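Good morning, and thank you for joining. I should like to speak today about salt bridges in one structure.

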Amino acid sequence: MNGIWYYVERDMVKWVRGRVAVISMLVMPAAWLLFVGLALPVRFTDNYIDFITPGILVMTILASSLNGGALLMFDKILGFLNKFLALPTPRESILFGKIAFITIRSVIQATIILAIALLIGATLRSPVQYALTYLILILFGILFSAFATTLALYVGDHDSYAAVNTMISMPLFFTSSALMPYDVMPPWLRAIAVANPLSYAIDAVRAVNAGTVPAIQIAALTGLGIVVLLLCTRIFRRMTV
Amino acid sequence: MNAIEANGLTRYYGSLCAVDHLDLAVNNEIFALLGPNGSGKTTTVLMLTTLLHITEGTASVCGFDVLTQGSEVRRRLSYVPQDMAVDIKLTGRENVLFFAHLYGIPRPRDKTDEVLAVMDLSDRADDLIRTYSGGMRRRLELAQALVHEPAVLFLDEPTIGLDVAARRKIWEHIGKLRKSGMTIFVTTHYMDEADQYCDRVGIISKGRTVATGTPGELKARLMKDIIMVTVAGPFAAPDVPGVALLTQSGDGATFTAENGKEALPLLLNALARNGTNVRSVSLREPTLDDVFLHAVGTPDDSGAFDYQRFRTMLRRRK
């Protein structure tokens, strides 16, 4: 599977040379962090930045993954995919390369958001906490970039995908535990939030902050990730002969 | 063993038959698949390059079955689709090096320099593709395709959208590759290019081959010369021995004749006797266009255009 790295390298160079896109995707999560994180008058905690940072980190990964989902679809529309599929390189490395690139890119963006959060008052101390936070973010990134890439390939054109993207990203975010703890949620929202995969990742990062190891959430994200990856590989094989 | 072989190659898109029991045998030559838009050229290439499932029949490249030995087939071919897909934010060298790495060839950097030189792109190799002209982009795609020294090269409409000079240059390069022993399979709807640069052509219409041979053979199959006549007023086809009506349009007609110079006065006399007012007449040698029109006939526009079917076909082809 040595083709994966070269597919990642191609997308990486194209992304960095895009300049505007490098910054623009950070504006939204940074705005949430500053304008909601610093300004919202909440009563359930005295350090709302610390509370909301995990939610914003996961949101950054989510937005970046859904955005990156369109990449393989564009490769298909523009004729690159057919060129790649005619190569002797294993065909799955196209898909895995894309998932790897989107995950790496989203983690880089999350790092910048984390740096801003730390600057304005969030706290994260030990190296173990950092390592665990990154593990959770990477697992979540793989899960959603695989999902988004396959979804976009299935939808087929970018107008429809943009619509699907907006349709799922905001509801997913607002029905997660990103903005408030479960005990202040109305019961109907709590029921949805508990089942939301965003909540697994957010709760896990919060648990790391609190000094515990969220084994259950990490296991759940890993399990879900493996299932989604297998499913995506199957769909990718079927859609590309 | 032929480099490319197909027996009864067939592809359906739903109920639409895009390629209908096509037989091909191509070896050590430039072979052009000619046909009007939607005749099944691209579908044929996609099947031969393992990018599309075969509904019926078999095909092989270098002796390997495209259906069951896909990865062996892909090791031996290069495919350049008509979309002109090169990364505009990358330089020429980066685009080629990317493919050299994916092919996993030894000494990718040296090979990249070599193929860029072959395609006359060395002096622009480090410029971004966004500054390249259409012809240069196409040559860059050829460089990408050559980097692993394929035995068979598939080019889908290699000169589409290029100006005359750029086209000639592309064909010169294709000719050089052919001399180095490569088998080249081209699709095109430019008759003159097929006539001038290809060893053999196959004309397909509605997914079926209607004629195969060297351009010379095909032209010889028609009679020797072409006579074109424009008329004013009513036109009635005359009966002259050794002259046959080829096509007829509103104000003119095309005939073929065994010996044009001798047939010309006879034809004009016959037309005059019919009461046809001849305004101009010309005599020329047949081109592949005439062969094509003869083989395919005038485009059939009688059936209603089935938009839904057309959409389905386009979507599946991608």
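I shall begin with the conventions and then take three salt bridges in turn. This is a predicted model, in which local features need pLDDT of at least 70, side-chain atom pairs count only at pLDDT 80 or more, and totals for chains, interfaces and linings use all residues. Residues are numbered from 1 along each chain as its sequence is written, chains are lettered from A and ligands numbered from 1 in the order in which they are written, and side-chain values use heavy atoms, with hydrogens and water left out.

A salt bridge here is a side-chain nitrogen of Lys or Arg within 4 Å of a carboxyl oxygen of Asp or Glu. By that rule there are 22 salt bridges over all chains.

The first one I present joins D87(B) to R10(A), with the closest N and O atoms 2.6 Å apart. This pair crosses between chains, from the loop between β6 (77-80) and α3 (92-103) of chain B to helix α1 (residues 3-17) of chain A. Helices (H or I, at least four residues) and strands (E, at least two) are DSSP runs, numbered from the N terminus. D87(B) is buried, at 4% relative accessibility, and R10(A) is buried at 3%. Buried means under 20% relative accessible area, exposed over 50%, and partly exposed in between, with a 1.4 Å probe and protein chains only.

Next, D75(A) and K98(A) form a salt bridge at 2.8 Å, N to O. D75(A) lies in helix α3 (residues 48-77) and K98(A) in helix α5 (residues 92-119), both of chain A, so the pair ties together parts 23 residues apart in sequence.

Finally, D199(B) meets R178(B) in a salt bridge of 2.9 Å, N to O. Here D199(B) is partly exposed at 31%, and R178(B) is partly exposed at 26%.
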